[in-house]
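Open the model in your viewer and switch to a cartoon view. The stops below say what to select and what you will find there.

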Amino acid sequence: MRITLMQIEAFYWTARLGGVHAASRHLHLTQPAVSARIKEMESLLSVKLFDRSKQRMSLTADGHTALRHAELVLNNSTQLEQFAAQQKQHRRLRLGADECSAMVGLTAVISEIKAHFPEITLEITIDVGAALNRKLNDHELDIALLTNPATREDVTDVFLGWMTFQWVAARHLEIADGPFLPQQARQYSIVTHSAPSTLYSVVDRWLQESGSASHAFHSSNSLAFIAKMVSAGHAIGILPVPLIRDMLAVDMLKTLPCDPAIPAAKFCLSYLTERPDMQLGELVSIIRATLVKQNFLVD
């Protein structure tokens with residue numbers, strides 16, 4: 001057995017206040033409890049700390065030496081508690097998100113985190129999934145919202161749902177009725193994310209499976225710009241369904257039901273597994289629940 005902080009406190013305050021009765025009041029303990037802790041400490045040290053032969057308890061020579069050590073232990077304990085309190089007040093959470101989750105649900109996620117963890121300082125990074133994945137693996141982020149993560153063993157991936165995609169075009173663009181086929185894509189300029197990215201891979205894979213290619217392939221790391229290019233009729237593209245709901249509602253875009261269908265992508269919340277100063281389980285639950293409320297993903 002080892003000496004406990006509770007035993008040290010009982011000994012220290014009995015010595016400083018001159019007796020078990022005063023120490024018990026200070027520590028909000030019963031006198032027998034204080035006495036028992038002192039006796040346990042004496043037994044563990046194999047020394048007598050107090051001379052109990054007189055009416056007032058007095059320290060023995062060993063007791064005086066032990067008191068100096070006890071004072072150092074309690075001072076260090078207090079400093080450690082102060083350090084922990086400061087850390088709690090200045091906790092930092094580096095949260096990364098891809099542009100789709102940022103535009104659709106991130107502001108709601110931020111509001112919920114602030115409401116539940118007012119002591120946390122958020123640092124937000126918006127980037128393509130490949131960049132977020134790299135930053136998470138390099139410990140430059142604590143949490144990331146992204147599709148198809150490729151993380152290392154010290155990162156935990158939590159599957160949240162499926163990200164679905166649609167071919168889209170400007171409402172005024174004339175495209176033949178019926179399923180949109182890869183052969184038709186050759187006739188149009190296509191705009192998508194730069195490689196490597198999930199969106200680029202989705203477009204590239206869909207075209208390659210049929211041996212088709214666009215005669216003009218534009219790239220941008222901004223989903224907002226891609227959507228603007230498409231709505232203006234300068235290109236067509238594949239976009240995440242959560243991003244285009246509002247644009248479809250006001251007739252800025254139209255979907256192009258296609259053959260073959262576009263595979264959905266896994267959308268995950270990935271986080272550094274070892275963050276002892278973070279209540280990661282609760283954070284994950286809050287973020288997941290918030291994105292569900294935003295109808296961000298498909299089960």
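Start with strand β3, residues 91-97. In this predicted model, β3 pairs with β4 in the parallel sense, over seven bridges. Now show side chains for one pair across the two strands: Arg-94 stands opposite Glu-123 of β4.

Widen the selection to the whole sheet. It is open, has five strands, and runs in the order β4-β3-β5-β12-β6. The pairing is mixed. Strands of a sheet pair through backbone hydrogen bonds, either parallel or antiparallel. Which strands form the edges? Select 120-126 for β4 and 155-163 for β6; each of these pairs on one side only. Look along the sheet for its twist, which averages 20 degrees from one strand to the next.

**The three-stranded sheet**

Next, select β7, residues 165-170. β7 belongs to an open sheet of three strands, ordered β10-β7-β11, with antiparallel pairing. Add β10 (237-240) and β11 (253-255), which stand at the edges. Each has a single partner strand, so one side of each is left without a neighbour in the sheet. Neighbouring strands here are turned by 50 degrees against each other on average, direction ignored.

Zoom in on β7 and β11. They pair in the antiparallel sense over three bridges. Val-168 is the residue to pick: Thr-255 in β11 stands opposite.

Now add helix α10, residues 241-249. It lies across β7, β10 and β11. Its direction is at about 100 degrees to β10.

Turn on aromatic side chains. The structure holds eight aromatic pairs. Select Trp-167, Phe-180 and Trp-206 together: ring pairs link these residues into a cluster.

**A cis bond**

Move to the loop between β11 and β12 (265-272), where Pro-260 lies. Is the peptide bond from Asp-259 to Pro-260 cis or trans? It is cis, with omega near 5 degrees. For context, most peptide bonds are trans.

**The N-terminal helices**

Select residues 3-60. UniProt places the feature "domain: HTH lysR-type" here, from an unreviewed entry. The span is 62% helix and 7% strand. Its end C-alpha atoms lie 19 Å apart.

Within that span, pick helix α1 (residues 5-17) and helix α3 (residues 31-45). They pack at an angle of about 110 degrees, with axes 8 Å apart. That angle makes α1 roughly perpendicular to α3. On the α1 side, show Met-6, Gln-7, Ile-8, Ala-10, Phe-11 and Thr-14. On the α3 side, show Val-34, Arg-37, Ile-38, Glu-40, Met-41 and Leu-44. Colour this contact by class: eight residues are nonpolar, two polar and two charged.

Keep α3 and swap α1 for helix α2, residues 20-27. How do α2 and α3 pack, and at what angle? The angle is about 105 degrees, and the axes are 8 Å apart. α2 is therefore roughly perpendicular to α3. Val-20, His-21, Ala-23 and Ser-24 of α2 make the contact with Gln-31, Val-34 and Ser-35 of α3. By class, that contact has three nonpolar, four polar and no charged residues. Val-34 appears in the contact with α1 and in the contact with α2.

Last stop: the loop between α2 and α3, where you can select His-28. Check its backbone torsions. His-28 has a positive phi of about 60 degrees, although it is not a glycine. Most residues other than glycine have a negative phi.

Note on methods: Residues numbered from 1 in each chain as written. Predicted model: local features only at pLDDT ≥ 70, side-chain atom pairs only at ≥ 80, totals over all residues. Heavy atoms only, no water. Axes fitted to C-alpha atoms, helices over the stretch in contact; angles between N-to-C directions. Helix = DSSP H or I, 4+ residues; strand = E, 2+ residues; numbered from the N terminus. Parallel < 35°, antiparallel > 145°, perpendicular 65-115°, else oblique. Contact = heavy atoms within 4.5 Å. Nonpolar A, V, L, I, M, F, W, Y, C, P; charged D, E, K, R; others polar. UniProt positions renumbered as here; feature names shortened; annotations may be inferred. Pairing = 2+ DSSP bridges. Phe/Tyr/Trp six-rings, centres within 6.5 Å; stacked < 30°, edge-to-face > 60°.
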